[in-house]
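The questions below ask how each label is earned, so keep the sequence and the model in view while you read.

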Amino acid sequence: MVLDSLSDSLKGIIRKISGSSYIDKDTIKEVSKEIQRALLKADVNVKLVLRLTKTLEDRAMNEKPPAGMTDQDYIIKIIYDELLKILGQNVNFELRPQTIMLVGLYGNGKTTTAGKLARFFIKKGFSTALIAADVHRPGAYEQLYQIAKEVNAQFYGEKDEKNALKIVKNGLNATDAKIKIIDTSGRDSLDEDLIKEVREIKESVKPDNVLFVLDATMGQQAGPQAKTLNDAVSISGVIITKMDGTGKGGGALSAVAEINSPVYFIGTGEHMDDIEIFNPKKFLSRLLGMGDIDALMEAVKETNFTEEEAEESLEKLMSGKFNLKDMYDVWEKFSKPGLLKKIFGSLPLAAMPGGDKINENQIDEANEKLQLYRVILDSMTYEELENPDILNPKRIRRIGIGSGKGENNVRALLKEYRAMKNNMKMIKGNRNFKKMLKASIKSGNFSLDDIN
Ligand SMILES: Nc1nc2c(ncn2[C@@H]2O[C@H](COP(=O)(O)OP(=O)(O)OP(=O)(O)O)[C@@H](O)[C@H]2O)c(=O)[nH]1
């Protein structure tokens, strides 16, 4: 995916900050330098990078973390805040009848995106029309016509007409569709005629939205060209295409920052369903390897742990002073089918040692093990659960037979139990992870930007 290398670099920086024992001016300078390097490597505009890291340094040097928050957490929060400013505000695209005009540079994916948007709105119950106003690229008419057929959208075009504005006006009059999407000619911003054409259409039909379609793999030239287009037609929003590509992505980010318009959607492939609503917070949380706190909250809620129970279980687990009964209680809540997958899928694993190595099958294995161990624990007496030290070979043999799972599985469970006690002591040392997990369970809607 685009920005993968930036994501890896930033995750590494986050891990380093989390693992540092103290934060001083040198650490802040070093973190700032590393972030500069990561952003420049991702092709983000130099001025933007310097502006971002200067703000980051100023804040890190002069602001004090709120009570209960470590310096490390607070630096991570500042990085998150400043990067979020580049991605723009979280504005939802209004789902109502409207006329949308797509503008963009050659080959950035306007025509394809017109089809994706049409399908997106048709799925939401809006009749949609596609208007072919790209009168310069041979084949654009046919391409949009085929796409309209594929997504069951109305289509309007005039094959031999060279006056784009005339086609648009006729098209808007000819359709009663709730959503009208105008696909314009590709722009190379140095071409005055094309800019004039798009400006005329904008001023004449006054579309509700002018969306700039931008290829995520565009380099630095994206910024100035976005600015020229924006000066001509006042872009109201951005759609970044080809996020499934392998480009660096920084050029697109710089262009978005340059025109300061919200990114509403991202294109993630060539097919008509490969479009997603863009959520800057979620996107950035994943980019920084912080998982998706909201999804974690949903999953933890499904354990119907009360806050106090979650807090108490967590305290006990983290203290390392828990017995098989405590472990049974926690496992019983978390062994709901699919729940572990949700929890691990949303945990900030990058912040845990080796955490980012956890994959799908390991989560499935953990699930199977949970079910197996619950059966074994069900065959233990209350005394054995409370005090596992009394489990001698005779008792182990009885439990193996009683549970039908055999002695080896009973021994494996006890080995796992002892290892878990040691691991929990280790995680206990990782204050950041514990604090994030406790806070997310306790507050119910914890997210990094709620820390004030
Ligand atoms: N992988 C990938 N390819 C995309 C995406 N969006 C568009 N494309 C491809 O990019 C190429 C150009 O897309 P078009 O929609 O024809 O571009 P255009 O902006 O209409 O081209 P002009 O009219 O010349 O400006 C096509 O091969 C599309 O399939 C995307 O999100 N991911």
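**Contacts, burial and the ligand**

Q: What makes the approach of the T241 side chain to the backbone oxygen of N108 a polar contact?
A: The side chain of T241 reaches the backbone oxygen of N108 at 2.6 Å, and a polar contact is a pair of N or O atoms within 3.5 Å, where within protein one must be able to donate a hydrogen and the other to accept it, and residues adjacent in sequence count only if both atoms are side-chain atoms. The value of 2.6 Å is within 3.5 Å, so the distance condition is met.

Q: What should be known about the origin of the model and its values?
A: This is a predicted model, in which local features need pLDDT of at least 70 and side-chain atom pairs count only at pLDDT 80 or more, while totals for chains, interfaces and linings use all residues. Residues are numbered from 1 along each chain as its sequence is written, and side-chain values use heavy atoms, with hydrogens and water left out.

Q: Is T241 called buried or exposed, and why?
A: T241, which is in strand 6, has a relative accessible area of 3%, and buried means under 20%, exposed over 50% and partly exposed in between, with a 1.4 Å probe and protein chains only. T241 is therefore buried.

Q: How do you know which label fits K206, and which fits K242?
A: K206, found in the loop between helix 8 (192-205) and strand 5 (209-215), has 62% relative accessibility and so counts as exposed. K242, in the loop between strand 6 (237-241) and helix 10 (250-259), has a relative accessible area of 33%, and therefore counts as partly exposed. Phi of K206 is near 45°, a positive value in a residue other than glycine, and K242 has a positive phi of about 60° although it is not a glycine.

Q: Why is M420 called buried or exposed?
A: M420 lies in helix 19 (residues 406-429), and because its relative accessibility is 17%, M420 counts as buried. M420 and M327 are 93 residues apart in sequence, yet their C-alpha atoms are 9.5 Å apart in space.

Q: How do you know which residues surround the ligand, and how many are there?
A: A residue is near a molecule if one of its heavy atoms lies within 4 Å of it, and 20 residues surround the ligand, the closest being K110, T111, T112, D244 and E270. Helix 5 (residues 110-123) gives the most to this shell, with four residues. A polar side-chain atom of T111 lies 2.6 Å from an oxygen atom of the ligand, and polar backbone atoms of G107 and G267 lie 2.9 Å and 3.4 Å from ligand oxygen atoms. Taken alone, the ligand exposes 650 Å², of which the protein buries 82%.

Q: What makes a set of residues a nonpolar core, and where does the largest one lie?
A: A nonpolar core is a set of buried Ala, Val, Leu, Ile, Met, Phe, Trp, Tyr and Cys residues joined through side-chain atoms within 4.5 Å. The largest has 73 residues, among which I35, F212, L214 and I240 touch the most other members, and helix 4 (residues 71-87) supplies its largest share, 10 residues. Domain 1 (2-85) and domain 2 (96-280) both give residues to this core, so the core lies between them.

Definitions and conventions:
Accessible areas come from the Shrake-Rupley method with a 1.4 Å probe; for residues, only the protein chains shown count as cover. Helices (H or I, at least four residues) and strands (E, at least two) are DSSP runs, numbered from the N terminus. Domain bounds come from an automatic or database domain assignment.
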